[in-house]
Amino acid sequence: MTRLASPIENIKNHYTVVVIGSGYGGGIAASRLARAGQQVCVLERGKEFQPGEYPNEPKEAVKEMQVDLPNGKRIGSPTGLYDFHINKDINVFVGCGLGGTSLVNANVSLQAEPRVFADTRWPKGLRDDVDTLLADGYRRAEEMLKPTPYPENFPHLQKLQALEKSAQYLNENFYRPPINVTFEDGVNHVGVEQKACKLCGDCVSGCNHKAKNTVLMNYLPDAKNHGAEIYTQVSVRYLEREKNRWLIHYQLMNTGQDKFNAPTMFISADMVILAAGTLGSTEILLRSQAQGLPVSHQVGHYFTGNGDVLAFGYNTEQVINGVGFGDRSANEQEPVGPCITGIVDMRQQPVLDNGMVIEEGSIPGALAPILPSSFAAAGKILGEDTDQGIGDRIQEKLREAESLAHGAYTGAIRNTQTYLVMTHDDAAGRMYLENDRLSIEWEGVGKQPIFQRVNDRLEEATRPLGGTQIPNPIWTNVFGHDLISVHPLGGCILAEDAEHGVVNHKGQVFSSQQGTDVYENLYVADGSVIPRTLGVNPLLTISAVAERCCALIAKDRGWTINYDLSSVPTPTNPTPTAKVGIQFTEKMRGFFSTKIKDDYQKAAQQGKKDASPLEFTVTVIADDLELLLNDPQHPAKIIGTVTAPVISSDPLTVTKGDFNLFIEAEDQPQTRKMCYGMYMTAENGQTYYFEGFKQIHDDPGFDVWADTTTLYVTVYEGDSNKNPVIGKGILKIQPVDFIKQMTTLKVINAKTRWEQLQAIDRFSRFFAGTLTKIYV
């Protein structure tokens, strides 16, 4: 399977453009600026999932859940696909992976109604462009995302029919909205093979059938086709301005560097496009502000959940069939269809903010085992039955018993409709950092009158189906009417000046707390710039605003974006199929002197006397275990940080490093060396070359520990060991660090647990066997 992401050890020190995030905003920025001929790098916190790799059963789904709790603790991996943020007033769900929330959303591509853009909360520059650049943005986004309604000639869907029945009862406008789903096999407009939708209903747990038009299927491969480099599992912490460059400080995820409290690494860029989503972009700017970057004090303000409401019509008299297939065979299941296929559109109200849309949904099959008991409890405690009578009550109990006995594809759960509603809240939430955690406060948001009106309309929508209306379980008196949003917006909003927002109409970040001065080459291009609710699924509007931002970036610099999609391209640099490899993270500490340059021991002693420490935390990555074990000249790669105050007051970032395991020493057949060669970059742009070796040789006494944990170090000016020597020293691994190091040893690119165990076994046998030959 061809990957879009490149190995992190290939990352360069500097790029023309760095895009942070890979959802709609990030994918669009990467594609368009790469098409403008710029050197583009994309950094994404999550992992890369390709179709076939998304969880489809409970155990797998739980592994991909991360929950950020108010007490500062996190449950699950920080790169888990399903990213939940729990707060007092409103909870948020977003996607974490290459492609962002597009991987786990419900695909609906609808434009916001024109009245939304007449609101003066939008800056005048954008309001003036609604019929021009913004309209072009909508058109170009549709051209790439290929939204289309669920086809009339496709199988009949029970949940769609039920929603239409509700719309008729409500006497409101019903239609099939355009959705980013493919309904025929073929190679798409950017050269990616896609398949027709299997109607499995598992859109929001991740499409395993190549049918969902996520950013991973269009904008991102298009960016790669045009030369962009993409790196995953890179968590950007904050931005720093260094003369005419931007420094992007980041941490590597899933390497174990955090176990050693390693400092952040960095790369530099001429231009940064911040597109990490509403939560991510706001968090990065807040942290940057805390690190000293002047920005508007409005960062974090005007958060909105886009009026999201999740509710259910439980145990209706009508078959709904709204639970995805999960790991069940498609041959055993009736079609569920894409997550959303119908809409009751009630936006055209005399007062804009009274409008709403109701859409039907499907629940991922991975959750099927927990649904019968969960809904039975919620229905009893929270439900409002819309029909009465002893006969009806008996039928409801029988259906409920059937689900409890035979599972979610029968009885009450089979007859449960999922409602997804968008309306308008007051966009008065605030995001802030507390103990380095992004928190959201929005007192009383769930008690705004619009949400009671939504609940009343959903009760009416359930009535013709003869079911029990269950509100979002946390939107109750018990939970203080808290909300959950899957469409967070705001936090870095567009505005006329820094007193009212964070970025100008082009997306450029204001460079002070007042006025209209901006950082010319720092942009935000995602849902965080939207200054109000949209009243409908926001993905297409986010995309249109991002397209407009990119068009203005190019126009202001005389760049030309090639929008031509007339020919299907061949990828210029496809990432080769990854081989089984191994990686570990190592920390070494010691002393270093710039006064003594010809003797390691004396230099280390002088460094200790002068209180001149040197330490590093590096990750060694062998992307091909076979070559590492069989060819001593084939190096593993090194990436990480070096702290050496005598060289640089700030930590240096290591890139393009090489590690050779057990090289035979010249004229010493019973001696092996572990060799380190690392390029180091300081924040001011100065470069250095680090050269070190461990000498493995059997001397009298037990010296295997000392040999394998002692590194003799030389640092040179510039980027080569041909340049003048700066100094020398000796580093050692402390026992406590060695124990941590062993916990970071992991196999990469293994497809099965058995393949992982085999790789660990081979590496361990090789390492121990080599030491045995030398010392025994």
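Two residues are in contact when heavy atoms of theirs lie within 4.5 Å. Keep that in mind for the exercises below, and remember that this is a predicted model.

**Exercise 1. A buried arginine**

Find Arg532, decide whether it is buried or exposed, and list what surrounds it.

*Solution.*
Step 1: Look in the loop between strand S25 (518-524) and helix H13 (539-557), where Arg532 has its place.
Step 2: Check the accessibility. The relative accessible area of Arg532 is 2%, and buried means under 20%, so Arg532 is buried.
Step 3: Apply the contact definition, leaving aside neighbours within four places in sequence. Arg532 is then in contact with Val116, Asp119, Arg121, Trp122, Thr304, Leu352, Asp353, His424, Ala427 and Leu489.
Step 4: Look for polar contacts of the side chain. One, of 2.7 Å, is with the side chain of Asp119. Another, of 3.2 Å, joins the side chains of Arg532 and Thr533.

**Exercise 2. A serine inside a helix**

Work out which residues Ser403 touches beyond its sequence neighbours, and what its side chain reaches.

*Solution.*
Step 1: Go to helix H10 (residues 390-406), which holds Ser403.
Step 2: Read the accessibility: with a relative accessible area of 2%, Ser403 is buried.
Step 3: Set aside the neighbours within four places in sequence. Ser403 is in contact with Pro372, Thr410, Gly411, Ala412 and Ile413.
Step 4: Follow the side chain. A polar atom of the Ser403 side chain lies 2.5 Å from the backbone oxygen of Thr410, and the side chain also reaches the backbone nitrogen of Ile413 at 3.0 Å.
Step 5: Compare sequence with space. Ser403 and Phe375 are 28 residues apart in sequence, and their C-alpha atoms are 9.9 Å apart.

**Exercise 3. The two sides of a helix**

Sort residues of helix H17 (residues 735-744) into buried and exposed, then say how the buried ones are arranged.

*Solution.*
Step 1: Pick out the buried residues of H17, which are Asp737, Gln741 and Thr744.
Step 2: Look down the axis of H17. The buried residues fall within an arc of 55°, so they line one face of the helix.
Step 3: Turn to the other side of H17, where Pro735 and Ile739 are exposed.
Step 4: Ask what covers the buried residues of H17. The cover includes strand S26 (581-593) and strand S34 (746-748).

**Exercise 4. Two helices that cross**

Describe how helix H6 (residues 158-170) and helix H12 (residues 449-462) cross, and name residues that meet there.

*Solution.*
Step 1: Take the axes of H6 and H12, which come within 8 Å and cross at roughly 110°.
Step 2: Classify the angle. Angles of 65 to 115 degrees count as roughly perpendicular, so H6 is roughly perpendicular to H12.
Step 3: Add the handedness: the crossing of H6 and H12 is right-handed.
Step 4: Name the residues. Ser166, Tyr169 and Leu170 in H6 meet Arg457, Glu460 and Ala461 in H12.

**Exercise 5. Positive phi in two loops**

Locate Asp436 and Ala611, give the phi of each, and judge how exposed they are.

*Solution.*
Step 1: Start with Asp436, in the loop between strand S20 (429-434) and strand S21 (437-441). Its phi is near 65°, a positive value in a residue other than glycine.
Step 2: Asp436 has 40% relative accessibility, so it counts as partly exposed.
Step 3: Move to Ala611, in the loop between helix H14 (600-609) and strand S27 (613-622). Phi of Ala611 is near 55°, also positive in a residue other than glycine.
Step 4: With a relative accessible area of 59%, Ala611 is exposed.

Notes
Residues numbered from 1 in each chain as written. Predicted model: local features only at pLDDT ≥ 70, side-chain atom pairs only at ≥ 80, totals over all residues. Heavy atoms only, no water. Buried < 20%, exposed > 50% of the residue type's maximum accessible area, 1.4 Å probe, protein only. Helix = DSSP H or I, 4+ residues; strand = E, 2+ residues; numbered from the N terminus. Arc of directions from axis to C-beta. Polar contact = N/O pair within 3.5 Å; in protein donor to acceptor, adjacent residues only side chain to side chain. Axes fitted to C-alpha atoms, helices over the stretch in contact; angles between N-to-C directions. Parallel < 35°, antiparallel > 145°, perpendicular 65-115°, else oblique. Left-handed = near helix turned anticlockwise from the far one by under 90°.
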